[in-house]
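Biologist: Thanks for sitting down with me. Could you walk me through this one, a question at a time?

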Amino acid sequence: MTSSPARIFGLRTILVLVFAFLYIPIAVLVALSFNQGGLPTVWSGFSLKWYASLAGNAAILSAALNTLLVALVSTAIATLLGTLLAIGVEMRRQYGRGLEALIFAPMIIPDIVLAIALLSFFSMLDFTLGLHTIILAHVVFNLAFVCSVVRARLKSFDWSIVEASADLGASALTTFRRVTLPVILPAVVAGALLAFTLSVDEFIIAFFTSGAGRASTTLPMQIYSMIRFGITPEINALATIVMAVSITVLTLSQRLNRGVIGQ
């Protein structure tokens, strides 16, 4: 069954309009980050001065370092726990869908609900809020994403080679290091990159579980505090950098994940 030219033209028009709706605002933001003038909505010439201004902003640099620390530590912990959880679930499939629902609940629960729950939990334990509570909170929701990516690779994993390794006298640690890990490593890296991206971009949970002051302010929180006083080209430049880093890391994660699923 062939489509008429009018139908094809209509579908293409809708596709163009959808992409325009999605990406024109982002293109405008990026363009205005190079705007020479101080007005964020009027183009007055090309300039890199707003990017140079970011390099001398102590509050932004502090928030960027906090974000990097939170992302790296939470990603490392979530990758380790998520990988081990994925292996454990795949080896013990008799636990059924109930366990899977518990594992992937943080991916489904709205961020605001998870943030309030984590804040209540930390308050109940009388934890002092700070970067350590943000890291723990990020581990909670990143763990599910890492587990999901690694399990996609384990679906096609031949567990008989693990049994063969054990029969030949290898310990569980040696089997994991020399047999299991090399096979699932691309999925582990893809899950880690995805977790890093989510941690860098995450705002709501970090906002609820952070302490007072600059010491526990992440970059998304700093951007939020800046836009309350109005949009400036400096904010556009900062948002462009965050977006570029996120897109780069997410692209790497998707390419690795595509290769994992294709194997």
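Biologist: Glad to have it up. In which loop is D126 found?
Modeller: Bear in mind that this is a predicted model. One flanking helix covers residues 111–124 and the other covers 131–154. D126 therefore falls in the stretch that joins them, which is the loop between α5 and α6.

Biologist: Is D126 buried or exposed?
Modeller: Exposed means over 50% relative accessible area. D126 has a relative accessible area of 67%, so this residue counts as exposed.

Biologist: What is the phi of D126?
Modeller: The sign is worth a look, as phi is positive here in a residue other than glycine. The value for D126 is near 60°.

Biologist: Now for N35, in the loop between α1 and α2. Is N35 buried or exposed?
Modeller: That loop runs between helices at 5–32 and 49–55. The cut-off for buried is under 20% relative accessible area. N35 has 0% relative accessibility, so this residue counts as buried.

Biologist: Which residues is N35 in contact with, leaving aside neighbours within four places in sequence?
Modeller: Contact here means heavy atoms within 4.5 Å. With the sequence neighbours within four places set aside, the partners of N35 are V42, W43, S44, G45, S47 and W50.

Biologist: Let's turn to the largest pocket. Which helix gives the most to its lining?
Modeller: The volume of this pocket is about 260 Å³, and 14 residues line it. The closest to its centre are A64, L219, I241, V242 and V245. Helices α3 (58–91), α8 (172–201) and α11 (233–262) each supply at least two lining residues. The helix that gives the most, with six residues, is α3.

Biologist: Stepping back, how many helices and strands are there in the chain?
Modeller: Read along the sequence, the pattern is an unbroken run of α elements. The count for the chain is 11 helices and zero strands.

Biologist: What share of the contacts with a separation of 6 or more comes from residues 24 or more positions apart?
Modeller: For scale, the C-alpha trace spans about 70 × 65 × 30 Å along its principal axes, and 37% of the 263 residues count as buried. Among contacts with a separation of 6 or more, the share from residues 24 or more positions apart is 74%.

Biologist: One last thing: how far apart are the centres of the positive and negative side chains?
Modeller: The chain has 15 positive and 10 negative side chains. The centres of these two sets lie apart by 9 Å.

Key. Residues are numbered from 1 along each chain as its sequence is written. This is a predicted model: local features need pLDDT of at least 70, side-chain atom pairs count only at pLDDT 80 or more; totals for chains, interfaces and linings use all residues. Side-chain values use heavy atoms; hydrogens and water are left out. Helices (H or I, at least four residues) and strands (E, at least two) are DSSP runs, numbered from the N terminus. Buried means under 20% relative accessible area, exposed over 50%, partly exposed in between (1.4 Å probe, protein chains only). Lys and Arg count as positive and Asp and Glu as negative; His and the chain ends are not counted. The place of a charge is taken as NZ of Lys, CZ of Arg, CG of Asp or CD of Glu. On a 1 Å grid over the protein atoms alone, a cavity is a set of points where a 1.4 Å probe fits but cannot get out, and a pocket is an open set with protein on both sides within 12 Å along at least five of seven lines; lining residues have an atom within 4 Å of a point. Grid points are joined across faces, edges and corners, and a volume is the space filled by probe spheres set on the points.
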